[in-house]
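Q: Could you walk me through a few local details of this one before I set anything up?

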Amino acid sequence: MGNDGGSIPTRRELVKEAAKDPNNTQVKETQTEKLQYYWSHCSLSQKPLSPPIVSDSTGNLYNKDAVLENLLNTSKENQDGNVAGNERTSGTIKSLRDVAEVRFGIDREGEEDSKTRQSELRLVCPVTGKRLGPGVKAVYLVPCGHAFAETAVREMPGEQCLECNESYSTENVIPILPVSPADKDRLRDRLSKLQSEGLTHSLKKTPGSSKKRKQARPNKETEAADRIDEVARPSLPSKEPRLETSSDAIRNEDTAALTAKVLAEQEDRNKRRKMAPNENLKGLFSSSNGMAGKQSDFMTRGFSIPSGTKR
């Protein structure tokens with residue numbers, strides 16, 4: 001470190017140029033290489049694509065056997081308490097209803113030529129004959145799954161598949177491996193709309209959605225019937241004002257009848273008490289025949305006054 005003719009280089013001497021952000025050309029090249037890889041390899045198993053090929057709601061391509069194997073492993077991991085299996089597909093594939101089989105046109109001549117060089121699957125548009133890949137924007141239709149170049153679908157006279165004549169809607173035209181943010185946002189909105197309607201990416205019903213609807217239907221019917229009864233029930237005006245008693249406030253018929261009976265007995269008992277003489281005051285008066293008129297009062301009770309005496 002010293003007196004040997006050596007030196008300690010600084011970072012400024014080692015790093016001559018700072019890192020620069022990639023320009024547009026470099027970004028496009030990187031993106032093209034990435035698309036080229038995923039157009040020929042499964043996004044899940046990283047193996048070459050081979051029919052049957054399926055796609056999820058985001059437009060990624062998978063081998064169907066890889067999806068089945070991932071679902072089986074995920075179910076086992078869920079039983080063991082580990083839910084890391086869905087992370088491979090970002091949670092978009094939970095069952096086979098979440099994928100749709102994509103039916104590509106295959107270039108047989110190109111396939112024979114490629115066998116001598118490398119096992120490669122050449123996917124083409126059945127209408128235009130163009131090879132589908134990073135250079136050609138491709139889409140497929142749901143639910144039939146036929147894949148075409150986007151220009152061919154745009155120029156179709158009606159909303160019917162050119163291969164099977166099955167009708168489709170514009171929102172069910174799925175771009176394959178989309179790049180633009182607009183396409184990704186549209187696919188995300190489409191999936192959320194389908195989930196609110198109880199459907200999956202393949203337009204099949206979500207498991208358990210029919211049972212929930214059947215359970216919720218009787219409640220809605222009963223509520224509607226109650227409303228109809230309230231509207232149809234005639235409201236008769238009362239001729240005389242009626243005071244509500246405690247028996248009227250009780251809804252149970254047996255309890256109301258028993259309460260009315262008890263109230264009637266109490267009212268009858270109170271009337272008889274008012275009509276009958278008071279036993280406490282009755283003892284103060286004498287019922288003797290010797291006392292007549294004004295002399296028979298409580299002041300002379302128990303005494304006899306001679307008839308000749310003066311008061």
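What follows is a short exchange about one residue and one sheet in a predicted model.

Q: Where does Ser55 lie?
A: In this predicted model, Ser55 belongs to strand β1, which covers residues 53–55.

Q: And is Ser55 buried or exposed?
A: Ser55 has a relative accessible area of 0%, and because the cut-off for buried is under 20%, Ser55 counts as buried.

Q: OK, so what does the side chain of Ser55 have a polar contact with?
A: The side chains of Ser55 and Tyr140 are joined by a polar contact of 3.0 Å, and a polar atom of the Ser55 side chain also lies 2.9 Å from the backbone oxygen of Asn60.

Q: Which residues is Ser55 in contact with, leaving aside neighbours within four places in sequence?
A: With those neighbours set aside, the contacts of Ser55 include Asn60, Leu61 and Tyr62, then Asp98, Val99, Ala100 and Val102, and also Tyr140 and His201.

Q: Switching topic: what is the order of the strands in the open sheet of three?
A: The order is β7-β6-β8, and the pairing is antiparallel.

Q: Why is one side of β7 and of β8 left without a neighbour in the sheet?
A: Strands β7 (147–149) and β8 (173–175) stand at the edges and have a single partner strand each, so each has one side with no neighbour in the sheet. From one strand to the next, the twist averages 35 degrees.

Q: How many bridges join β6 to β8?
A: Three bridges join strand β6, residues 138–141, to β8, and the two run antiparallel; Leu141 stands opposite Val173 in β8.

Technical notes
Residues numbered from 1 in each chain as written. Predicted model: local features only at pLDDT ≥ 70, side-chain atom pairs only at ≥ 80, totals over all residues. Heavy atoms only, no water. Helix = DSSP H or I, 4+ residues; strand = E, 2+ residues; numbered from the N terminus. Buried < 20%, exposed > 50% of the residue type's maximum accessible area, 1.4 Å probe, protein only. Polar contact = N/O pair within 3.5 Å; in protein donor to acceptor, adjacent residues only side chain to side chain. Contact = heavy atoms within 4.5 Å. Pairing = 2+ DSSP bridges. Axes fitted to C-alpha atoms, helices over the stretch in contact; angles between N-to-C directions.
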